[in-house]
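Hi,

Here is the structure I promised to pass on. Have a look at it first, and then read my notes below.

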Amino acid sequence: MAGAGPKTLPERGESRFTAGRRTTTLDAMTDTAPGALDTVVAEALRAGTRAPSPHNTQPWLFAVRDGEIDVLLDESRVLTVSDPDGREAILACGAAVLNIRLALARRGIACAVSILPDRTRPDLVATLRVGVGRRPPADDVRLAAAIAERHTNRRPFVDSPVPSVVRHALIRAAREEGARLMLLTEPAAFDAFAALLRRAEHLQRQDEAFLAELEAWSHHGERRDGVPLSAGGPRVPDEAALALREFGGAARRAAREFERQPLVAVLTTPGDTRRDAVRAGQALQRVLLTVTAHGLQASFLAQPLEIPAIRAELRTMLGGTDHPQAALRIGYGHPGTPTPRRALDDVLVGHSGER
Ligand SMILES: Cc1cc2nc3c(=O)[nH]c(=O)nc-3n(C[C@H](O)[C@H](O)[C@H](O)COP(=O)(O)O)c2cc1C
């Protein structure tokens, strides 16, 4: 049963709300009337569903009970070709955890997060104890406002550099969740990454199983998961520095010039366990929301991370200690296009994971 097993103690970076003042009831933390709490939790879970996920698979399930929210991995939504270990799906669940935390923070409600709290339930990604911990910081309230505004943006950005104050904010955002954001600002590092990216993109484009999976999750807007063609970008010209993933249709769209100097950032963690991936997911989302809050756009460059040998090369390129978890292209541009999400009813389950 979810949460019935031994709870691991929260570790560094899991949550700033786990230390300090604790309360036993939610009402002591907030002015929320008992009936209104359901509304607040529902709002937080809807924010959870706004998290990014590979091919918009939305691989999460939520269970609510006695002041606790469980975030579970929906194994049936793991991409078997591009993500056989489910690492990216776990990243997505971690991103959903952060959104839930921030949406509660926006209502003045703290929560304590236990990552993988039950050894016997690897699908139980995290349990959030609502109303436990320190009062959320003002920064989290500000970031919560960015949840609905954040969209992956696969279109060309303008050629304006990302100011150093924003770069530092992004690095801090990752650090706050126990991860590291490496900005590839040196031309040699950028070129080396771009070469790995092009190689990985080339391999994936030759892989029929990969293409079939990509096609299966691309559509014309008739579904509440998967990537609608409207969210795709134009075709990247052959001479462009970075290769972007083409979601159905992009190949048929005219090539457009892309920015010459995109900011590329790689998110890394000290280890490569499932726990590291949950943490990386929260860090990824804090970075993305910080991007949005500063009026910038981002898209993913996941190809080199999805091919184990190329991921290992990337790790070596970055110094050989930390493990790369996600790569982003960041810059200024017109707002990205929203993608659909399944209704809350479709992702709510009983606390043993039963539908
Ligand atoms: C771990 C991970 C890897 C992703 N990789 C890519 C990618 O390589 N290319 C891409 O265009 N989008 C990628 N995405 C973005 C998803 O397609 C996107 O989050 C999803 O379609 C939902 O859209 P939204 O981010 O605009 O809400 C990735 C997302 C996650 C969480």
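Just after helix H10 comes Gly319, and its phi is positive, near 120°. Keep in mind that this is a predicted model.

Now back up into H10 itself, which spans residues 308–317. Which of its residues are buried? They are Ile310, Arg311 and Leu314. These three cover an arc of only 105° around the axis, so they sit on the same side of H10. If that seems odd for residues spread along a chain, remember that an α-helix has 3.6 residues a turn, so residues three or four places apart point the same way.

And the other face? Turned away from the buried side of H10 you'll find the exposed residues Pro308, Ala309 and Thr316. As for what the buried residues pack against, the partners are H3, helix H6 (187–206), strand S8 (263–269), helix H9 (303–306) and strand S10 (323–331).

One of those partners, H3, is worth a look too. The axes of H3 (residues 87–106) and helix H8 (residues 274–293) come within 7 Å of each other and cross at roughly 55°. That is neither under 35 degrees nor in the 65 to 115 range, so the two helices count as oblique to each other. The crossing is right-handed. By class, ten nonpolar, five polar and four charged residues make up the contact of H3 with H8. Among those on the H3 side are Ile90, Leu91 and Leu98, while H8 brings residues including Ala277, Val278 and Leu289.

Cheers

Terms used:
Residues are numbered from 1 along each chain as its sequence is written. This is a predicted model: local features need pLDDT of at least 70, side-chain atom pairs count only at pLDDT 80 or more; totals for chains, interfaces and linings use all residues. Side-chain values use heavy atoms; hydrogens and water are left out. Axes are lines fitted to C-alpha atoms, for helices over the stretch in contact, and angles run from 0 to 180 degrees between N-to-C directions. Helices (H or I, at least four residues) and strands (E, at least two) are DSSP runs, numbered from the N terminus. Angles under 35 degrees count as roughly parallel, over 145 as roughly antiparallel, 65 to 115 as roughly perpendicular and the rest as oblique. A crossing is left-handed if the near helix is turned anticlockwise from the far one by less than a right angle, and right-handed if clockwise. Contact means heavy atoms within 4.5 Å. Ala, Val, Leu, Ile, Met, Phe, Trp, Tyr, Cys and Pro count as nonpolar, Asp, Glu, Lys and Arg as charged, and the others, Gly among them, as polar. Buried means under 20% relative accessible area, exposed over 50%, partly exposed in between (1.4 Å probe, protein chains only). The arc is that of the directions from the helix axis to the C-beta atoms.
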